[in-house]
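Please open the model in your viewer and keep the sequence beside it, since this tour moves from one selection to the next. At each stop you will be told what to select and what is there.

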Amino acid sequence: MDKRERVTVLGLGRMGAALAGALLAAGHPTTVWNRSAAKAGDLVARGAVLARTAAEAVRASEVVVVCVTDYDVAGDLLGPLAGELAGRALINLTSGSPEQARRSADWAAEHGIDYLDGTIMAVPQGIGQPGSVLLLSGSAEVHSGRKALIELWGDGDYLGADAGLSALYDLALLGVMWSTIASFLHGAALLGTEDVTAQQFLPKVERWLGAVASFLPGIAAQADSGDYATDVSGLDINVAGLDLLARVSRAQGIGTDVPAALHELYARRLAQGSANDGLASLIDTIRRG
C-alpha cells in the first residue's frame, strides 16, 4: 500500500479530528467533511482539504473513514452516498451495537462497498500513542490492505469476518472498565471516611489488580469448561464477604450501590448452586439473566 494513499474522514468530532490529524502527520493526503465546517479549521491549516459536500469528500479518496455520534447519524449520512462509495473501502469507527454493525455491513455488501467495522479503545488524545487499540471486524481485505494506515491510529486487533464482533468486544471490555472504576471509587469513598485519600489508596489497588489479573486464566478455563469446583474460595465465603462490605459501608456512612449489586448476584448464584462452587460459576447466573 502506498503510504500516501488518499483518505477521507467524515465526521470531525474530537475522535474524528484526531483520526484525521494522525493521517496528516503521516503524510496522507486527507480530505475532511463535517456538518459544521468550522470544526475543520485546524485540520485545514495543517494541510487537509475541506470538501463542500459529503459526496465530494467520498469521491476524493479510495478509503473513507466515518466516525460520527451513532449509527443512526452514520446511516443518514452514508445512505445517500451509496453510489459514490461503491468500489471503495469504508471503515466505520462509529460506536454502536453488534446488530447495527451487521446491518451496516449488509447494506454495504448490497452496494458493492468493502466494509470494515471498528471501535476505538482510546480517548482522542491517545490516538497513535502506545496503548491505543482498535477492535476491527468485517472485511479481511480492508484490514490487511490498509493495516499500515490503521496502525497510525493504534494497534489494529482484527476479530474476524462478522462485522458485529468489534462492537460486542467493545461493550464487554467497557463493562470490565466501568465495574473496575466503580469498585475503585467505592473503596476510595470507604477509606475516605477515615481521611485516607484516593491517591493514597491507588498504589495498593494497582498492586492488587495485578494479583486479581493472575486469577483470570483459571476462572476463564472454568467458565468455558463448566467445572466450577474449587478448594480456594467458595461462593459462600464471598457472599459473606460482600455482605460485610455492605454493612461496613453503611456503618461508615457511604452508599452501598456497588457491593449491594454484587451481593445480589453472588447470593442468587449461591441459591442456585453449591457453596463449594468457585467464582467462575457466576457465569451461569449471568447467562440466565
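Before the first selection, one term is needed: helices are DSSP runs of H or I with at least four residues, numbered from the N terminus. Please also bear in mind that this is a predicted model.

**The whole chain**

Begin with everything shown, and you will have a chain whose secondary structure comes to 13 helices and eight strands. The C-alpha trace spans about 65 × 45 × 30 Å along its principal axes, and buried residues make up 41% of the 289 residues. If you display contacts with a separation of 6 or more, 61% of them are accounted for by residues 24 or more positions apart.

**Helix 1 and what follows**

Now select residues 14-25, which form helix 1, a run of 12 residues that reaches 16 Å from its first C-alpha to its last, close to the 16 Å expected at 1.5 Å a residue. Is helix 1 enclosed by the rest of the structure, or not? Nine of its 12 residues are buried, so helix 1 is largely enclosed. Colour the buried ones and you will mark Met15, Gly16, Ala18, Leu19, Ala20, Gly21, Ala22, Leu23 and Leu24. Adding their surroundings to the view brings in strand 1, strand 2 (30-33), helix 2 (41-45), strand 4 (63-66), strand 6 and helix 8 (147-150), against which these buried residues pack. Just after helix 1, stop at Gly27, which takes a positive phi of about 90°.

**Glu5**

Move next to Glu5, in the segment before strand 1 (7-10). Glu5 counts as buried because its relative accessibility is 13%, and the cut-off for that word is under 20%. Show the side chains of Glu5 and Arg146, and you will find a polar contact of 2.5 Å joining them. Apart from residues up to four places away in sequence, Glu5 touches His28, Pro29, Glu62, Val63, Arg146 and Leu149.

**Gln100**

Select Gln100, whose place is in helix 6. Its side chain reaches the backbone nitrogen of Ser97 at 2.9 Å, and, leaving aside neighbours within four places in sequence, Gln100 is in contact with Tyr71 and Asp72.

**Helix 9**

Go on to helix 9, residues 165-192. The 28 residues of helix 9 should span 40 Å at 1.5 Å a residue, and its end C-alpha atoms are 40 Å apart, which agrees. The buried residues to colour here are Ser166, Ala167, Asp170, Leu174, His186, Gly187, Ala188 and Leu190. They pack against helix 6 (98-110), strand 6, strand 7 (133-138), helix 10, helix 11 and helix 12.

**The second largest pocket**

Keep Asp170 selected and add Met15, Ser95, Ile120 and Ala122, because the next stop is the second largest pocket: among its 13 lining residues, these five lie nearest its centre. Strand 6 (114-121) and helix 9 are the elements that give two or more residues to that lining. About 280 Å³ of space lies in this pocket, and its lining divides into nine nonpolar residues, three polar and one charged.

**The largest pocket**

Which residues lie nearest the centre of the largest pocket? Select Val212, Leu216, Leu262, Tyr266 and Leu279, which hold that position among the 47 residues of the lining. The elements that give two or more residues to this lining are helix 9, helix 10 (198-225), helix 11 (235-251), helix 12 (257-272) and helix 13 (282-288). Helix 10 gives the most, with 16 residues. The space in the largest pocket comes to about 2,200 Å³, and the residues of its lining divide into 32 nonpolar, 11 polar and four charged.

**Arg269**

For the last stop, select Arg269, which lies in helix 12. Is Arg269 buried or exposed? Its relative accessibility is 5%, and therefore Arg269 counts as buried. Draw a line from its C-alpha to that of Leu279, and the two will be 9.4 Å apart in space, with their positions 10 residues apart in sequence taken as their separation. Leaving aside neighbours within four places in sequence, Arg269 is in contact with Tyr228, Leu235, Asp277, Ser281, Leu282, Asp284, Thr285 and Arg288.

Terms used:
Residues are numbered from 1 along each chain as its sequence is written. This is a predicted model: local features need pLDDT of at least 70, side-chain atom pairs count only at pLDDT 80 or more; totals for chains, interfaces and linings use all residues. Side-chain values use heavy atoms; hydrogens and water are left out. On a 1 Å grid over the protein atoms alone, a cavity is a set of points where a 1.4 Å probe fits but cannot get out, and a pocket is an open set with protein on both sides within 12 Å along at least five of seven lines; lining residues have an atom within 4 Å of a point. Grid points are joined across faces, edges and corners, and a volume is the space filled by probe spheres set on the points. Ala, Val, Leu, Ile, Met, Phe, Trp, Tyr, Cys and Pro count as nonpolar, Asp, Glu, Lys and Arg as charged, and the others, Gly among them, as polar. Buried means under 20% relative accessible area, exposed over 50%, partly exposed in between (1.4 Å probe, protein chains only). A polar contact is a pair of N or O atoms within 3.5 Å; within protein, one must be able to donate a hydrogen and the other to accept it, and residues adjacent in sequence count only if both atoms are side-chain atoms. Contact means heavy atoms within 4.5 Å. The expected span of a helix is 1.5 Å times one less than its number of residues.
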